[in-house]
Amino acid sequence: MKRTLVALFSVAKATLLEGLQQPAVLLLALACMELTALQPVLQLHAFGEEGRLARDCGMGFFLVFGVLAAALVAGFSLAAEIRDGTAATAIAKPAGRATFLLGKFLGAVGVVAAVCWCSLWETLLAVRTSEALVETDRFFGSVRDSLCGLLSVGAPVAALALAALMDVRARRRFGLWFFVFAAALLPLAAGALGFFDRLGGWVGFGGWSPGLDARLVPLAVLLFSLLCAFCALATALTTRLQTGSALALSFLVLFLGFLADGARADWGFAGRVFYALVPDVQSFWLADELAHGGRIAWREVAGGCFCAFSWTVFALSLGYVSFRNKDL
Amino acid sequence: MNENNEPAFEATGLRKVFRDFWGRPRTVAVDGVSLRAAPGEVVGLLGPNGSGKSTTIKMLLGLLRPSAGSVRLFGRDPRDPDARARVGYLPELSNLHKFLTPRETLAYYAGLFDLPAATRRKRIAALLERVGLSGPGADRPVGEFSKGMARRVGLAQALLNDPALVVLDEPTSGLDPIGRREVKDLILDLGRMGKTVLLSSHLLAEVSDVCTRVAILAGGRVRAEGRLADLLEERDRIRFTAAGLPDAAVPRVKESIAAAGAASVSVDHPAATLEDYFLDVVGGAAK
């Protein structure tokens, strides 16, 4: 048992380290962060729903880039390793195939978690940046939080610069350090913004309030649990398919997942079968519940996580059946 | 059979048919191969490209499922992780994780063996030293390495668990002559230490220098097998070697041999191998 756990940890750690250093994953995370940070500035005709638009776009990027990252990391870590023979070297050692597959899945989840962490903080900052009504003694009107916008756009750029500096001076790994710095700088920026109001005025230590929409956290947890299921799906697919095909099929499942709820209602028996096989993405995408000050109950989150967990186990089981007798 | 006499591996009637997407037979890569190695033997698997050497090795390690036949590794099914715990394997291509350093690569593979932390550290340091990567190279990503350097990392990972059976698939591919000699010395050392070695190669000189027994594969079948000395010995020819014999004495020696009834007599000066000569020159330059 101990040997299995040590082997599992070893495979997951190597997958995480490799995944975080893949240039494609870095570009993906950077694109996700900057698109989220910039969209409050690029909004047109929001009709007073700037905050909602920022929130929906941010969480939309969270989901789409998360699925992209899941498929890419599974492709790099499993499909490519099977093709190149790296998987054979590991499986010739006393690690079972199930341990190897589960380790790859956990490593991929780690990479997706890093992308999601950065994406969530960027969304929280984007919601604060977006235009909102401010009423003070000195000011009345709608205003964007320029300082917040600047920090949310600047944090990933600063992370890139610091990672480059580490790489040049100490030959440390660029990709890995980018994620370390981005993951640390974004919460730091959010914390620092607590000392400033939306107009950029200093509020003092006593008035510290980050002004972030914490209601997004349960939604992010729900979507992350769905992304874990997509990591499992991508891991299962890449036991037989190359990255491109796994990516296309993952997005097909995401698309079908959005249809699942409607299919159950309208397609009779076929719809119920369809609903049983495809994850119901609508039950994870609860952004609408946050409108008009609404909240997502943690009980709902727990139900969603359980559903995602079941789907993860199902996908990993299929992956194991496919991988168990695969010629390496 | 007790553990000391138990063959390190035993394959009987192995056959491997690769199939296409629809399950139709595409290639018969291995056809009825039987092979075994006693503990401490250094066995060479010789054959041209596509003769089925790597496929046979992969079936021995449980990486490929045989279409027919059976394999035992230390008396167990090779798909049993405990059987593979005593095996070190260097694949034909050293495709390693390109963003990990050699030290991290070895730590990763050591994790699969669950070696105690102190043993792991000691063994990784010793192996990096042994394959000539103990300097700053040990902390550079493997992706920056030449093919030969990556091969050295591959060799080190194959020896991490102090294996009882070492399976080396084309171990000298990509190595320079010095590296090749080091690998040969390593295999000889392993043999002296009582390890079983299965060496696959299409380089005849490499195999003849280190192996005690060979199997020659062609077209997926074993065409010849036996002790190297038995296979190569020409029992109807005798060679004398003499040092310090004056040239003037050579005709008299030839005459004596011919008078004793030899059908033909030839005399020449033995030549060093190019490898020995190369190593002398490079070794001299280094001094």
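This report describes a predicted model, with most attention given to chain B.

## Confidence and overall layout

The structure is a predicted model, and its overall scores are an ipTM of 0.82 and a pTM of 0.87. For chain B, the mean pLDDT is 87, and 97% of the residues of chain B reach 70 or more.

Chain B is divided by its domain assignment into domain 1, which covers residues 9–230, and domain 2, which covers residues 247–286. Between the C-alpha centres of domain 1 of chain B and domain 2 of chain B there is a distance of 37 Å.

## The three-stranded sheet of chain B

One open sheet in chain B is built from three strands in the order 2-1-4, and its pairing is antiparallel. Strand 2 (25–37) and strand 4 (68–73) of chain B are the edge strands, each of them pairing on one side only, and from one strand to the next the twist averages 25 degrees.

Strand 1 of chain B and strand 2 of chain B are joined in the antiparallel sense over nine bridges, and within this pair B:Ala11 stands opposite B:Leu35 of strand 2. These two strands of chain B form a hairpin with five residues between them, and in the turn B:Gly23 has a positive phi of about 85 degrees. With strand 4 of chain B, strand 1 (residues 9–19) of chain B pairs in the antiparallel sense over five bridges, where B:Glu10 has B:Arg72 of strand 4 as its bridge partner. Helix 1 (residues 53–60) of chain B packs on this sheet and touches strand 1, strand 2 and strand 4 of chain B, while its direction makes about 115 degrees with that of strand 1.

## The six-stranded sheet of chain B

A second arrangement to follow in chain B is an open sheet of six strands, which has the order 5-6-7-3-8-9 and mixed pairing. Strand 5 (87–90) and strand 9 (221–227) of chain B each have a single partner strand, so one side of each edge strand is left without a neighbour in the sheet. Neighbouring strands of this sheet are turned against each other by 15 degrees on average, when direction is ignored.

Inside this sheet, strand 3 (residues 42–46) and strand 8 (residues 213–218) of chain B pair in the parallel sense over four bridges, and B:Leu46 finds its bridge partner in B:Ile216 of strand 8. Helix 6 (residues 177–192) of chain B lies across strand 3, strand 6 (165–169) and strand 7 (196–201) of chain B, and helix 6 runs at about 150 degrees to strand 7.

## Two loop residues with positive phi

In the loop between strand 4 and helix 2 of chain B lies B:Phe74, a residue other than glycine whose phi is nonetheless positive, near 50 degrees. B:Phe74 has 22 other C-beta atoms within 10 Å, and because a residue counts as buried when that number is 20 or more, B:Phe74 is buried.

B:Glu170 is found in the loop between strand 6 and helix 6 of chain B, and its phi, near 50 degrees, is again a positive value in a residue other than glycine. With 20 other C-beta atoms within 10 Å, B:Glu170 is buried.

## Where chain B meets chain A

The contact between the chains takes 24 residues from chain B and 26 residues from chain A. On the side of chain B that touches chain A, helix 2 (81–84), strand 5 and helix 3 (102–113) of chain B each supply at least two residues, and the largest share, five residues, comes from helix 3 of chain B. Sorted by type, the residues of this side of chain B divide into 16 nonpolar, four polar and four charged.

## A residue of chain A

In chain A, A:Ala164 is found in helix 6, which spans residues 146–170 of that chain. A:Ala164 has 13 other C-beta atoms within 10 Å and is partly exposed. The C-alpha atoms of A:Ala164 and A:Leu290 are separated by 39 Å, and these two residues stand 126 residues apart along the chain.

Methods:
Residues are numbered from 1 along each chain as its sequence is written. Chains are lettered from A and ligands numbered from 1 in the order in which they are written. This is a predicted model: local features need pLDDT of at least 70, side-chain atom pairs count only at pLDDT 80 or more; totals for chains, interfaces and linings use all residues. pLDDT is the predictor's confidence in each residue, from 0 to 100. Two strands pair if DSSP finds at least two bridges between them. Axes are lines fitted to C-alpha atoms, for helices over the stretch in contact, and angles run from 0 to 180 degrees between N-to-C directions. Two residues are in contact if their C-beta atoms, placed from the backbone, lie within 7 Å. Domain bounds come from an automatic or database domain assignment. Ala, Val, Leu, Ile, Met, Phe, Trp, Tyr, Cys and Pro count as nonpolar, Asp, Glu, Lys and Arg as charged, and the others, Gly among them, as polar. A residue is buried if 20 or more other C-beta atoms lie within 10 Å of its own, exposed if 12 or fewer, and partly exposed in between; C-beta atoms are placed from the backbone.
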